Amino acid sequence: MPKLSFAGLHVAQRAPMAAWKAALLRVAAVLLALVVGGLILLCLGYNPLLVYQTMLNGALAKKTARASVVRNAVPLAIVALGVTLAFKMKFWNIGAEGQICIGAIAASFFAYSFDWPSWLLLTVMAVAGFIAGGLWGLIPAIFKTKFGTNETLFTLMMNYIAAYFIQYLREGPWRDPAKNGFPEMPRFAAAARLPSVLGVHAGWIFALAIALFVLIYLRYTKHGYELTVVGDNITTARYAGMPVNRIILRTMFISAGVCGLSGMIQASGANKMLTDSVAGGDGFTAIIVAWLARLSPVGILIVAVMFGVLKKGCASVETVYKISSEFFGILQGIILFFVLGVEFFITYRVQRKKEVK
């Protein structure tokens with residue numbers, strides 16, 4: 001097993017840990033993160049137990065609050081499922097924010113341009129969002145396969161292009177003249193809005209369907225097997241005769257397409273219009289969700305709901321205790337830090353370096 005030595009210590013790879021034990025350690029890491037978050041609240045002069053109680057009550061006590069939790073969880077789950085496909089292949093798609101924006105723009109074009117029956121218009125909007133997001137994601141994939149560019153920086157920089165393009169549309173071609181000079185785009189017609197199902201827009205059905213698709217795609221299809229092999233060892237994939245470049249392009253198109261579909265769902269379901277905050281940071285938060293779930297589709301749904309509870313709960317805490325909404329980001333970062341930290345100790349062990357006689 002590989003070893004790393006420093007400061008009189010050995011870092012060596014562990015033997016595989018029992019699944020139940022690893023799961024217990026991850027739960028302990030989350031609880032410890034909440035303890036640290038509580039200490040921060042205590043230093044700020046708040047009772048952490050009361051704050052956490054308010055957080056849970058604010059997120060789960062009322063039907064409207066639970067609906068808000070689902071609305072918060074839907075984009076996180078869908079985008080996390082999208083980036084999971086790329087991450088499984090070791091293609092670091094950090095461009096989900098931009099892919100959400102491009103998908104929302106493509107869907108909004110049809111919403112603003114055509115007066116079709118709702119079922120047809122929503123279908124076309126969903127397809128347009130998926131294709132536009134996929135094509136946007138193909139750009140860094142093509143450069144990666146042709147020129148070996150760094151996909152992390154490439155996809156990250158493309159986020160800003162997409163975001164500023166929405167601002168251009170808001171201040172120019174799609175500006176609503178009825179707003180008396182205020183730079184805002186018009187709301188969608190009723191036919192272009194996702195219907196409500198059980199008190200929440202139908203995006204949650206998309207999330208469940210996409211989770212099932214990703215699960216089946218990764219576990220039971222040839223394409224899923226190929227992208228996993230490419231992620232594990234690209235040299236082995238080439239030696240086995242797999243068309244690596246084609247696999248990268250195909251997988252990135254689907255990954256970015258799912259993120260683009262999330263943009264359509266946010267514009268049509270949550271916002272009912274195109275806004276420059278359509279991504280709202282979900283593209284970055286979803287990366288955290290994917291990693292915390294260890295790229296498991298079922299785990300992603302669970303973690304996304306947890307983050308939905310956290311976001312809604314923190315909004316309630318802000319109202320009751322006047323604690324800044326930025327505390328949500330702080331607590332989110334603490335949880336990520338501890339969970340990633342425990343992953344290290346699940347994989348490696350630290351020992352004292354024995355003296356050489």
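The following exercises, each with a worked solution, concern a predicted model.

**Exercise 1. The largest pocket**

Determine the volume of the largest pocket, the residues nearest its centre and the class make-up of its lining.

Solution.
1. The space in the largest pocket amounts to about 770 Å³.
2. Its lining consists of 25 residues; Arg26, Val30, Val303, Met306 and Ile335 are the ones nearest the centre.
3. At least two lining residues come from each of helix 1, helix 2 (48–60), helix 12 (297–321) and helix 13 (327–347).
4. Sorted by class, the lining holds 20 nonpolar, three polar and two charged residues.

**Exercise 2. The second largest pocket**

Describe the second largest pocket by its volume, its lining and the helix that supplies the largest share of that lining.

Solution.
1. The volume of the second largest pocket is about 350 Å³.
2. Among its 19 lining residues, those nearest the centre are Arg26, Trp291, Arg294, Glu343 and Thr347.
3. Two or more lining residues are given by each of helix 1, helix 11 (282–292) and helix 13.
4. Helix 13 provides the largest share, with five residues.
5. The class count for this lining is 12 nonpolar, two polar and five charged residues.

**Exercise 3. A salt bridge between helices**

Which residue forms a salt bridge with Arg26, and how far apart are the closest N and O atoms?

Solution.
1. The structure as a whole contains six salt bridges.
2. In one of them, Arg26 is paired with Glu343, and the closest N and O atoms are 2.5 Å apart.
3. This distance satisfies the criterion, because a salt bridge requires a side-chain nitrogen of Lys or Arg within 4 Å of a carboxyl oxygen of Asp or Glu.
4. Arg26 belongs to helix 1 and Glu343 to helix 13; with their positions 317 residues apart, the pair links distant parts of the chain.
5. Both partners also appear among the residues nearest the centre of the second largest pocket.

**Exercise 4. An aromatic pair**

Classify the aromatic pair of Phe143 and Phe147 from its geometry.

Solution.
1. A search of the whole structure yields 19 aromatic pairs.
2. For Phe143 and Phe147, the centres are 5.6 Å apart and the planes form an angle of 50 degrees.
3. Planes under 30 degrees apart count as stacked and those over 60 as edge-to-face, so the remaining angles are tilted.
4. The pair of Phe143 and Phe147 is accordingly tilted.
5. Both residues lie in helix 5 (residues 118–147), where a spacing of four residues corresponds to about one turn of the helix.

**Exercise 5. A surface patch**

Identify the residues that form a nonpolar surface patch with Leu42, and locate Leu42.

Solution.
1. Leu42 forms the patch together with Leu32, Val35 and Leu39.
2. The combined accessible area of the four is about 370 Å².
3. Leu42 is part of helix 1 (residues 19–43).

Methods
Residues are numbered from 1 along each chain as its sequence is written. This is a predicted model: local features need pLDDT of at least 70, side-chain atom pairs count only at pLDDT 80 or more; totals for chains, interfaces and linings use all residues. Side-chain values use heavy atoms; hydrogens and water are left out. Patches are made of residues with over 30% relative accessible area and no salt bridge: like charges are joined within 9 Å, nonpolar side chains (Val, Leu, Ile, Met, Phe, Trp, Tyr) within 5 Å. Accessible areas come from the Shrake-Rupley method with a 1.4 Å probe; for residues, only the protein chains shown count as cover. On a 1 Å grid over the protein atoms alone, a cavity is a set of points where a 1.4 Å probe fits but cannot get out, and a pocket is an open set with protein on both sides within 12 Å along at least five of seven lines; lining residues have an atom within 4 Å of a point. Grid points are joined across faces, edges and corners, and a volume is the space filled by probe spheres set on the points. Ala, Val, Leu, Ile, Met, Phe, Trp, Tyr, Cys and Pro count as nonpolar, Asp, Glu, Lys and Arg as charged, and the others, Gly among them, as polar. Rings of Phe, Tyr and Trp (its six-membered ring) pair if their centres lie within 6.5 Å; planes under 30 degrees apart count as stacked, over 60 as edge-to-face and the rest as tilted.
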